[in-house]
Structures are given as C-alpha cells and as structure tokens.
Amino acid sequence: MKNLNLFKTALLVIAITTVGTLVSWKKHKNPPIQSKNIVEIISSTPNFSLLKTAVVHANLTKVLSGKGKFTVFAPDNDAFIQAGFDTDAKIKAVPAETMVKILMYHVVGQEIKSTAIATAANTPVKSAADLNVFVTKNASGVYVNGAKVTQADMMASNGIIHTINNVLMPPAGNIVEAAQGNTNFTYLVEAILRASEGTTNVAQVLSGAGPFTVFAPTNQAFITAGFPTIAAINAADPATLTNILTYHVVAGRIFSSDLVEGSKPATVNSATLTITLTDGAKVKGNTNTTPSNITSANMVTTNGVIHVIDQVLLP
C-alpha cells in the first residue's frame with residue numbers, strides 16, 4: 001500500500017511538472033499582446049475621430065507612433081466641435097503647420113499618470129510646442145489650462161492619453177497682443193490705448209510679465225455700457241478708462257477651474273469682484289446690478305489668461 005501511495009504521488013508530481021512546463025512553454029510561444037501606440041488608440045476610438053483627422057492632417061502619425069514616452073491631453077469630438085472644428089473639412093482648412101503647433105501644445109515629452117500629478121494649482125509643464133501648459137489637481141479633478149480631464153490614464157505602448165473637454169490653443173502673444181488679434185475686442189483695445197494716454201500706461205502694464213487674469217468685455221458690452229462708438233471711447237477721460245480697465249484685471253493666472261463660488265478676488269486697482277458659479281460662471285462688479293456671464297474662458301496668453309464677459313464691470 002505504501003508503495004502504491006508513493007507511485008501515485010510520483011505521478012502527481014510528474015503531472016504538475018508537465019502542466020507547468022506546458023503553461024510556461026505556451027507563455028513563451030504566445031507572449032502577451034502589447035498595448036496599442038497612441039495613434040492606434042486615437043484611430044480606434046470613435047470619440048477621437050476629429051482628433052485623428054487633425055493628427056493625419058498635421059502629418060504627426062509617425063511622431064506619435066514613435067518611441068515615447070509621451071503624454072497626450074486628447075480633446076474629444078465634443079471639444080473639437082466646441083472649438084469650431086466640427087467637421088473634417090474645417091480641420092483640413094487650417095494650415096498644416098498651424099495644426100502642428102496646436103496639437104503639439106497638447107503633448108508632453110514624458111509619461112505623466114494622473115496619480116503622479118501633485119495637488120496644486122497651475123503647475124507649469126513644458127509641452128512639445130516649447131510652451132507651458134498649466135496643470136491643476138484639486139478636489140474636482142485634474143485640469144490643464146482649465147480644461148477638465150474627463151478620462152485619465154489610457155495606457156499606450158509609447159505613453160499615456162488623458163481625454164480633455166476643450167481644445168488647448170497656444171498663446172498668441174501677451175494680453176494686449178491677443179486682444180489686438182481678436183475682432184471681438186476692438187473696443188477694448190481702443191480703451192486700453194486711450195487709457196494709456198493718461199498717467200498710467202495700461203498697455204505697457206498688460207504687456208508686462210504678469211501673470212494677469214483679465215475679464216475682457218466684448219464690443220457689445222462696451223456699447224451697452226454707454227460707449228456706442230470707437231469715437232466715444234477716444235473722447236473719454238483716460239483716468240476714467242484706467243479706473244474701469246484696471247477693475248477688470250486680477251493679479252495671477254486664474255483659469256475657470258480656479259474660480260470659487262462666492263470668492264472676491266482683488267483687482268489691481270485694489271477693489272474686489274464677486275464670483276458666482278450657479279448656472280454658469282459669472283463675475284459681478286460692485287455697482288453692476290447683475291453679474292456678467294463668462295461667455296468664453298481660458299484664453300491663454302504668454303503673460304496670463306483672458307476670460308470673455310458680456311458686461312463692462314463697474315467698480
């Protein structure tokens with residue numbers, strides 16, 4: 001009986017060893033399939049179809065398929081639509097070299113997992129476009145230039161993808177230069193130039209190092225506030241315009257993700273504004289009867305950020 005038990009034990013050992021060898025051989029024969037690279041993931045994800053068009057148009061498929069590691073903040077289709085790139089044709093109408101600059105502003109030349117991002121506001125990170133993006137991590141999530149990461153840590157063989165809900169536009173100069181390049185700010189630019197004829201060179205200040213956050217009224221906002229024409233702005237007292245304009249400027253770089261309900265940020269003319277977030281982000285001046293809507297947020301400049309508003313703020 002003892003010999004029989006020893007024989008059974010020996011058979012069991014042989015069987016286990018054989019199975020182990022077969023499993024080991026099978027693993028060696030069929031190694032695990034590697035993850036897709038960044039371009040392959042973008043190409044196979046339906047919600048990145050507009051991003052795929054942009055990558056192909058910019059001739060970046062080889063770059064983003066190459067050896068990493070990369071981090072890509074990837075705008076989804078809704079983000080492209082919101083930015084005005086709602087069709088393939090509109091994306092292809094952008095010069096390829098311009099699209100390269102836009103897309104590379106979404107790429108960082110190292111792998112950054114969401115868990116490795118420190119809880120902090122607006123940490124500068126150098127993008128592949130040689131321009132900083134500003135990453136924030138707070139109780140609400142992770143943001144880059146105020147755009148929210150809606151899906152984090154999509155692993156690729158050559159890096160990582162974080163889905164974001166806005167297209168990041170590279171800065172087009174400082175605050176004054178960005179305003180000059182936007183036809184919706186014609187009245188604002190004239191107000192800055194007219195104010196600069198007084199004792200404070202507002203244009204020089206807003207072209208300086210900063211950083212500043214500017215709540216920028218549209219042309220219609222100035223018209224509604226009692227400046228029906230450019231001539232009316234040029235006829236205004238520079239000191240009056242300086243007082244109004246500096247009331248729209250806050251020291252520091254404040255993205256929409258940094259706005260806090262009920263907060264009262266100090267302006268550079270030593271007054272305060274009031275922020276509300278109910279039914280959309282709004283900002284109110286002390287003598288405004290109603291708050292101004294922030295109609296477009298997070299326009300990045302080399303020395304700060306611009307938020308578009310639909311009313312002139314009154315101290």
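The side chains of Asn145 and Tyr105 make a polar contact at 3.0 Å, a good place to start in this predicted model. From there, we can visit a second asparagine, Asn288, which is buried, and then the largest pocket, with about 870 Å³ of space.

**Asn145 and its surroundings**
- You will find Asn145 in the loop that runs between strand 5 (141–144) and strand 6 (147–156).
- Asn145 counts as buried because its relative accessibility is 3%, and the cut-off for buried is under 20%.
- Apart from neighbours within four places in sequence, the contacts of Asn145 are Tyr105, Val133, Phe134, Leu168, Phe255, Asn298 and Val300.

**Asn288 and its surroundings**
- Look for Asn288 in the loop between strand 11 (282–284) and strand 12.
- Asn288 has a relative accessible area of 7%, so this residue is buried as well.
- A polar atom of the Asn288 side chain sits 2.8 Å from the backbone nitrogen of Leu314.
- With neighbours within four places in sequence left aside, Asn288 touches Gln311, Val312, Leu313 and Leu314.

**The largest pocket**
- The space in the largest pocket comes to about 870 Å³.
- Its lining is made up of 33 residues, and those closest to the centre are Asn166, Ser296, Ala297, Asn298 and Met299.
- Helix 5 (77–82), helix 8 (175–180) and strand 12 (292–301) are the elements that each give two or more residues to this lining.
- Strand 12 gives the most, with 8 residues.
- By type, the lining residues are 18 nonpolar, 12 polar and 3 charged.

Definitions and conventions:
Residues numbered from 1 in each chain as written. Predicted model: local features only at pLDDT ≥ 70, side-chain atom pairs only at ≥ 80, totals over all residues. Heavy atoms only, no water. 1 Å grid on protein atoms, 1.4 Å probe; cavity = no way out; pocket = protein on both sides within 12 Å on 5 of 7 lines; lining within 4 Å. Points joined across faces, edges and corners; volume = space filled by probe spheres on them. Helix = DSSP H or I, 4+ residues; strand = E, 2+ residues; numbered from the N terminus. Nonpolar A, V, L, I, M, F, W, Y, C, P; charged D, E, K, R; others polar. Buried < 20%, exposed > 50% of the residue type's maximum accessible area, 1.4 Å probe, protein only. Polar contact = N/O pair within 3.5 Å; in protein donor to acceptor, adjacent residues only side chain to side chain. Contact = heavy atoms within 4.5 Å.
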